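Here is a small set of exercises to work through with the model open beside you. Try each task on your own before reading the solution.

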Amino acid sequence: MDSLPGTQMKEQLSIAFIRMVVAAAGCSVASYSTDHDGVDISIKSSAEYSRKLGPQIDVQLKCTARVDVVRSREIAWVIDARTHKYLTSEKRQVPALLALLVVPDSIDAWLDHDETRMLTESTMYWIFGLDIPKLPPGQQSITVKIPRDHLFTRDTLLGIMEQIGDGRIGGS
């Protein structure tokens, strides 16, 4: 049976996963045909907060089945210098987020569904771009340590939008 290569399947699964969380939070997604500036999607809220109406966040999505990235307290993910630059720049108009979906090695375990439910054994972790450490001079990559409790859930996303909307993340 012909199918997409595993990397493209993971990309599609990460997009589907985040879109489900975004929909459950009552937000919307903008996607882009290219990933030139380190943004796969943008998430926008329609809510009004104390400082902003309709806060937004840009997201760089990654997906892996590698079990070695999952540590006891953190997820360790390597990003290259170019991705680091786009995620961590203080010049960003919109705050950035790195979101990593960790999936089982077996594609058959990615999704189970029937008439009453849809289940996945996948978990998405996140970190604000500005919380990623600086890249040492001359280094071409850095291991980002995402806390294990940074699960990307509906409530987490609503909290992120509130932080942006109240001006605690992303400036005025």
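**Warm-up: a cysteine**

Cys 63 counts as buried, at 16% relative accessibility. Buried here means under 20% relative accessible area, exposed means over 50%, and partly exposed is in between (1.4 Å probe, protein chains only).

A word on the ground rules before going on. Residues are numbered from 1 along each chain as its sequence is written. This is a predicted model, where local features need pLDDT of at least 70, side-chain atom pairs count only at pLDDT 80 or more, and totals for chains, interfaces and linings use all residues, while side-chain values use heavy atoms, with hydrogens and water left out.

**Exercise 1. Work out whether Cys 27 is buried or exposed, and how many disulfides the whole structure has.**

Step 1: Take Cys 27, which has a relative accessible area of 14% and is therefore buried.

Step 2: Search the whole structure for disulfides, meaning pairs of cysteine sulfur atoms within 2.5 Å. The search comes back with zero.

**Exercise 2. List the secondary structure of the protein chain and give its order.**

Step 1: Count the elements. Helices (H or I, at least four residues) and strands (E, at least two) are DSSP runs, numbered from the N terminus. The protein chain has three helices and nine strands.

Step 2: Walk along from the N terminus, and you read α-β-β-β-β-α-β-β-β-β-β-α.

**Exercise 3. Find out how the radius of gyration of the protein chain agrees with that of a compact globule.**

Step 1: Get the expected value. The radius of gyration is taken over C-alpha atoms, and the globule rule is 2.2 Å times the number of residues to the power 0.38. For 172 residues, a compact globule would come out near 16 Å.

Step 2: Set the model beside it: the protein chain has 16 Å, so the two agree.

Step 3: Add the dimensions. Along its principal axes, the C-alpha trace spans about 50 × 45 × 35 Å.

Step 4: Look at inside and outside. Of the 172 residues, 39% count as buried. The accessible surface comes to about 10100 Å², with 50% of it belonging to carbon and sulfur atoms; such areas come from the Shrake-Rupley method with a 1.4 Å probe, and for residues only the protein chains shown count as cover.

Step 5: Check who touches whom. A contact means heavy atoms within 4.5 Å. Among contacts with a separation of 6 or more, 65% join residues 24 or more positions apart.

**Exercise 4. Trace the surroundings of Thr 64, then move on to two of its contacts, Val 69 and Val 103.**

Step 1: Place Thr 64. You'll find Thr 64 in strand β3 (residues 56-64), and its relative accessible area of 4% makes it buried.

Step 2: Leave out neighbours within four places in sequence. Thr 64 then contacts Lys 10, Val 69, Trp 77, Leu 100, Leu 101, Val 102 and Val 103.

Step 3: Hop to Val 69, in the loop between β3 and β4 (74-80). Val 69 counts as buried because its relative accessibility is 1%. With residues up to four places away set aside, its contacts include Thr 64, Trp 77 and Val 102. Val 69 and Val 102 are 33 residues apart along the chain, and their C-alpha atoms are separated by 8.7 Å.

Step 4: Hop to Val 103, in the loop between β5 (96-102) and β6 (112-113). Val 103 is buried too, with a relative accessible area of 4%. Beyond neighbours within four places, its contacts include Cys 63, Thr 64 and Trp 110. The C-alpha atoms of Val 103 and Ser 46 are separated by 30 Å, with their positions 57 residues apart along the chain.

**Exercise 5. Decide whether each of Asp 58, Lys 134 and Glu 115 is buried or exposed.**

Step 1: Asp 58 lies in strand β3. Its relative accessibility is 10%, so Asp 58 counts as buried. Outside four places in sequence, its contacts include Val 39, Arg 92 and Leu 97.

Step 2: Lys 134 sits in the loop between β8 (123-128) and β9 (141-147). At 70% relative accessibility, Lys 134 counts as exposed. Setting aside residues up to four places away, Lys 134 touches His 84 and Ile 142.

Step 3: Glu 115 is in the loop between β6 and β7 (118-119). Glu 115 counts as exposed, at 83% relative accessibility.
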